[in-house]
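I set out to record two items from this entry: how a pair of helices packs, and what state the cysteines are in. My notes follow the order in which I looked things up.

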Amino acid sequence: MANPLRTFASLYSTTLLTVLAGGLLTTYLGLRLSVMHVPQLWIGGMMSAYYIGLVAGSKIGHRLIAQVGHIRAFVASAGIVAASALGHALVDELAVWILLRLIVGMGMMCQYMVLESWLNEQAESSQRGTVFASYMIVSYFGLILGQGAISLYPELGLEPLLLIAICFALCIVPISLTRRIHPAPLVPAPLKIAHYWRKAPQALTTIAIGSMIVGSFYGLAPAYASNLGLPPEKVATYMTASILAGLLAQWPMGKLSDIMSRSRLIRINCVLLGILALAIALTPYHPTLSLVMTFLFGILGFTFYPLATALANSRVEQSERVGLSATILLTFGLGASIGPLIASTLMQWLGNSMLYGFMSACTLILFLRLRYVHSQQKAETNVTQDYIMATGDLVSSPLAAALDPRVDVESVQEQMTPTPSDDEDDLGADALEDDTDSEQQLTFEFDVNPEPTFIEAETNDLEESDLDAVKTA
């Protein structure tokens, strides 16, 4: 069996350079705007523009890939993103920077679609988990390198932008020279948002609110750390600690979710993250303590998405997972674009610590919503379990046969219409007839009673433990 790292080396190399450049650009802009003493609302708006670009880029990128192919679409997107990054060095107008950030988001979404659809199509079933685990590890490693690269240029001049453009240019080389077979054109998938929200409300709620937390952290944490008086290299260390914790937590959290209920694990994660974020907001800055707390924040905050995605995929059929993935990406993009706007407004009005105060409030809202949905689903399950099919007088009478479409109507009328001869039967004949009716009654009780398959349909969004209880009942 071939090693995925060797098989997809060109795609992983491209991913590393792309994510490195994207992460470096995000941190650079946050620090640069903070040094320029730009109001927090502008910083939040600029970071929200990136995620809005991701949402819009999913539709544009799909059409572009379908028209010109994967490699051409990737090359065109990389060129546009590199030019947009360099555009920040030519113009100091904030409105133009927001537009450039929007374009970067659209271009990078197209790049991600090329890489992930390529891996998804050509990964063998036996290696799919390893292939995408390696992809995530490479992505996190690229983010860490991007945060470390900012410490090389503490003056925040033009050098980081030049390095970003170089990485976006070089990421074209591995994918252009790959000898892998080109993937087939993308096939449009119907987007049924309401359908998936009904099937997996807890998972999609977690993605929506969790993305607000993650988007706010990536967009505003550099400015938050800079406002504490930290130099760029310390800010890079602060960000790296969180991202590294997110990387290290993926595997153990995944194993833990296989042992216990994912929805219960998400609620526990909610409570712990809410307490931790509130502690960060209220505790004065201390170099060592702050690094420890932001490391713990990365463990809890960056595991919402994979836990919720796994929970959502366990609630749908295989044929529905493409549409579910599109719904998840759309939900994440919308949440990540709204979060920085709200957090930056609160930071501007109430102070720097409101970044983590906002995150703590998000976890409280998420926990209450998850508890409400869970209680509603439990109530529906109890009603379903208490319902018993009728087996009394209705089934005992010949009227039960009239309700069964498999029985001939004329025979039912004959059973329900008395005849004169019936009154003249002797006791022995009545006893024999009673025995015959008892056999017919037993037959009807087995034929009329349908299989209670509605229980499975009512419990799609329950925890795994609840499902086992329902099936046992």
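Entry 1, helix crossing. I looked up the handedness of the crossing between α2 and α3 and found it right-handed. The model is a predicted one, and I read every value with that in mind.

I then took the geometry of the pair. Helix α2 covers residues 9-35 and helix α3 covers residues 40-68; their axes come within 10 Å of each other and cross at roughly 160 degrees. An angle over 145 degrees counts as roughly antiparallel, and α2 and α3 are therefore roughly antiparallel to each other.

Entry 2, contact residues. I asked which residues of α2 meet α3. On the α2 side I noted Thr26, Leu29, Gly30, Leu33 and Ser34, and on the α3 side Ile43, Met46 and Met47. Sorted by class, this contact holds five nonpolar and three polar residues, and no charged ones.

Entry 3, cysteines. I searched the whole structure for disulfides and the count was zero. Why is Cys167 not bonded to Cys171? The closest cysteine sulfur to that of Cys167 belongs to Cys171 and lies 8.4 Å away, which is too far for a bond; the cut-off for a disulfide is 2.5 Å. I checked the pair from the other end as well: Cys171 is in no disulfide, and its nearest cysteine sulfur is that of Cys167, at 8.4 Å.

Entry 4, accessibility. I asked whether Cys167 is buried or exposed. Cys167 is buried, at a relative accessible area of 6%. Cys171 also counts as buried, with 0% relative accessibility.

Terms used: Residues are numbered from 1 along each chain as its sequence is written. This is a predicted model: local features need pLDDT of at least 70, side-chain atom pairs count only at pLDDT 80 or more; totals for chains, interfaces and linings use all residues. Side-chain values use heavy atoms; hydrogens and water are left out. Axes are lines fitted to C-alpha atoms, for helices over the stretch in contact, and angles run from 0 to 180 degrees between N-to-C directions. Helices (H or I, at least four residues) and strands (E, at least two) are DSSP runs, numbered from the N terminus. Angles under 35 degrees count as roughly parallel, over 145 as roughly antiparallel, 65 to 115 as roughly perpendicular and the rest as oblique. A crossing is left-handed if the near helix is turned anticlockwise from the far one by less than a right angle, and right-handed if clockwise. Contact means heavy atoms within 4.5 Å. Ala, Val, Leu, Ile, Met, Phe, Trp, Tyr, Cys and Pro count as nonpolar, Asp, Glu, Lys and Arg as charged, and the others, Gly among them, as polar. Buried means under 20% relative accessible area, exposed over 50%, partly exposed in between (1.4 Å probe, protein chains only).
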